[in-house]
Amino acid sequence: VVADCGSAVSNPIQTTFKTTIIPVETPYVQDFESEEPMTGFEVLTYGSVNAWTIGNAIANLTEGEENGKSLYISNDNGTTNAYNNSASTNSYAVFTVSFNDNKADYYLSFDYKVPGGESNYDYLSVYIAPATEQIPTTSSAPTIPSTFTKILEKKSFVSDWTNVIVKLEGIEQGDLRNIIFHWKNDGSQGTQTPAAIDNISIIGTDCGMPKDVAVSEITTMSATVSWTSAETVSSWVVKYKKTSDTDWQEEPASTTSVPLTDLDAATSYQVKVVSLCGEENIESSVVSFKTACATITVTDATPWSEDFTLSDALNCWTLSSTGSKSWGISSGQLYHGYYGTSNDSSEAVTPIFDLTGVTNPYVAFKYKQPPFGGTNIDKFRVSYRSSATDDWTELAYYTNIEANFVNDTLALPNT
């Protein structure tokens with residue numbers, strides 16, 4: 001700006017400004033498959049090359065899709081979903097929403113995964129904020145304004161695609177809000193791969209979303225699904241499937257509790273509830289559960305064995321630990337890392353066996369206890385109990401160094 005004084009002008013004064021994002025309007029659906037998927041998005045990155053981008057390195061594919069796109073962090077402009085974990089970064093993917101279709105409630109839904117990262121240091125967070133709020137402009141740990149409402153906070157090591165559905169509170173007609181996907185890494189260390197987002201939607205509805213979906217009374221073949229709902233809703237559909245399946249099965253409901261039957265034992269399932277309101281049906285978040293393991297019947301003619309060669313070999317085992325290490329499978333073995341500290345312990349409990357059909361039951365196995373740090377070793381016990389409420393009875397206690405595998409056989413009661 002200059003002042004025009006006739007024969008003379010003042011020295012210019014200049015400033016900079018930035019136009020705002022063109023808002024998207026509700027209802028809004030973004031699966032990143034359009035020719036211009038970045039329309040409405042702004043990416044702000046402070047620090048290293050790690051930045052949000054849209055590409056086909058990763059996607060949450062729906063039934064029938066062979067490939068697709070998503071929004072993800074990349075350190076090579078979208079070629080891969082990877083990050084430079086040695087450089088500090090804050091990257092924000094922001095879009096502005098105009099709420100203008102006169103609905104009673106609005107829900108934000110999206111899918112995300114963060115297979116790697118670093119707990120509390122490299123992570124994904126999601127916020128909603130007034131459109132007038134400024135994004136922090138630093139590559140170090142940012143101070144998030146108090147007007148940013150947390151939707152998802154500091155997520156890392158989420159290996160599977162996970163759906164989030166959240167009601168957006170305090171929305172009035174005509175409001176403008178920013179939805180902010182924030183990736184932060186501190187530049188010290190971290191595990192691949194970083195965050196990815198897919199299938200974003202913001203839907204307004206006058207139909208109440210089912211809440212507090214819970215699964216109880218889980219047996220080997222059945223489970224009960226319950227939820228709470230708005231008084232204006234009187235019919236629902238419960239959708240459920242095996243986690244590994246793509247097609248959902250449906251169970252109609254006229255009350256807020258439904259039994260599911262004919263399930264498979266020791267199997268992971270997903271369930272969600274749909275409120276039926278004519279053209280404005282709305283789904284709950286997805287809830288996961290696993291059916292109970294069946295008792296394994298062992299007879300003289302049908303012994304039980306486990307060689308730990310399959311990745312799901314511990315599916316019906318119960319694992320617990322009081323320390324930083326736990327039981328797992330490695331190279332076809334049930335394996336436990338060295339503790340190296342005192343008073344820590346871990347348990348690997350087998351499935352339940354019915355041994356009444358065995359004349360002289362026993363457990364046979366190979367074990368070894370190589371030393372660490374010279375001559376130090378952890379110690380382990382083998383115990384049994386006849387029911388879940390009984391005390392454990394010790395069968396053997398191993399305290400010696402065994403560099404190579406040793407065979408052992410321990411007698412069991414046939415109860």
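**Exercise 1. Placing Lys379**

In which loop is Lys379 found? Describe its exposure and its surroundings in this predicted model.

Solution.
- Step 1. Locate the residue between the flanking strands: Lys379 is in the loop that runs between strand E27 (362-369) and strand E28 (380-384).
- Step 2. Classify its exposure. The relative accessible area of Lys379 is 49%. Exposed requires over 50%, so Lys379 is partly exposed.
- Step 3. List its contacts, leaving aside neighbours within four places in sequence. Lys379 then touches Gln369, Tyr397, Tyr398 and Thr399.
- Step 4. Take a distance to another part of the chain. Between the C-alpha atoms of Lys379 and Thr147 there are 53 Å, and the two residues are 232 residues apart along the chain.

**Exercise 2. Overall form of the chain**

Describe the protein chain by its secondary structure, dimensions, burial and contacts.

Solution.
- Step 1. Count the elements: the protein chain has 30 strands and zero helices.
- Step 2. Set the radius of gyration against the globule rule. For a compact globule of 415 residues the value would be near 22 Å, whereas the protein chain has 28 Å.
- Step 3. Read the extents. The C-alpha trace of the protein chain spans about 110 × 60 × 40 Å along its principal axes.
- Step 4. Take the buried share: 37% of the 415 residues of the protein chain count as buried.
- Step 5. Examine the contacts with a separation of 6 or more. In the protein chain, 69% of these come from residues 24 or more positions apart.

**Exercise 3. Surface and charge**

How many positive and negative side chains does the protein chain have, and what do carbon and sulfur atoms supply of its exposed area?

Solution.
- Step 1. Count the charges: there are 22 positive and 50 negative side chains in the protein chain.
- Step 2. Locate the two sets. Their centres lie 6 Å apart.
- Step 3. Take the exposed area, which is about 23,100 Å² for the protein chain. Carbon and sulfur atoms supply 48% of this area.

**Exercise 4. Cis peptide bonds**

Give omega for the bond from Thr26 to Pro27 and for the bond from Gln192 to Thr193, and place each bond in the chain.

Solution.
- Step 1. Read the torsion of the Thr26 to Pro27 bond: omega is near -5 degrees, and the bond is cis.
- Step 2. Place Pro27. This residue sits in the loop between strand E1 (24-25) and strand E2 (28-30).
- Step 3. Turn to the bond from Gln192 to Thr193, which is cis with omega near 5 degrees.
- Step 4. Place Thr193: its loop joins strand E11 (176-185) and strand E12 (196-205).

**Exercise 5. Positive phi outside glycine**

Where do Asn77 and Ser331 lie, and are they buried or exposed?

Solution.
- Step 1. Start with the backbone of Asn77. Phi is positive, about 60 degrees, although Asn77 is not a glycine.
- Step 2. Asn77 belongs to the loop between strand E5 (70-74) and strand E6 (89-98), and with a relative accessible area of 77% Asn77 is exposed.
- Step 3. Repeat for Ser331, whose phi is near 55 degrees, again a positive value in a residue other than glycine.
- Step 4. Ser331 is in the loop between strand E23 (327-330) and strand E24 (333-336), and its relative accessibility of 70% makes Ser331 exposed.

**Exercise 6. Disulfides**

How many disulfides does the structure hold? Give the geometry, position and exposure of each.

Solution.
- Step 1. The count is two disulfides. With bonded cysteines counted along the chain, the pattern is 1-2, 3-4.
- Step 2. In the pair Cys207 and Cys277, the sulfur atoms are 1.9 Å apart. The torsion about the S-S bond is about 60 degrees, so this disulfide is right-handed.
- Step 3. Cys207 lies in the loop between E12 and strand E13 (211-216), and Cys277 in the loop between strand E18 (268-275) and strand E19 (282-283), so the pair ties together parts that are 70 residues apart in sequence.
- Step 4. Cys207 is buried at 1% relative accessibility, whereas Cys277 is partly exposed at 29%.
- Step 5. In the pair Cys293 and Cys316, the sulfur atoms are 2.0 Å apart. A torsion of about -95 degrees about the S-S bond makes this disulfide left-handed.
- Step 6. Cys293 lies in the loop between strand E20 (287-290) and strand E21 (296-299), and Cys316 in the loop between E21 and strand E22 (318-321), so the pair ties together parts that are 23 residues apart in sequence.
- Step 7. Cys293 is partly exposed at 27% relative accessibility, and Cys316 is partly exposed at 22%.

Conventions: Residues numbered from 1 in each chain as written. Predicted model: local features only at pLDDT ≥ 70, side-chain atom pairs only at ≥ 80, totals over all residues. Heavy atoms only, no water. Helix = DSSP H or I, 4+ residues; strand = E, 2+ residues; numbered from the N terminus. Rg over C-alpha atoms; globule rule 2.2 N^0.38 Å. Buried < 20%, exposed > 50% of the residue type's maximum accessible area, 1.4 Å probe, protein only. Contact = heavy atoms within 4.5 Å. Areas by Shrake-Rupley, 256 points an atom, 1.4 Å probe, with all protein chains shown as cover. Lys, Arg positive; Asp, Glu negative; His and termini not counted. Charge placed at Lys NZ, Arg CZ, Asp CG, Glu CD. Disulfide = S-S within 2.5 Å.
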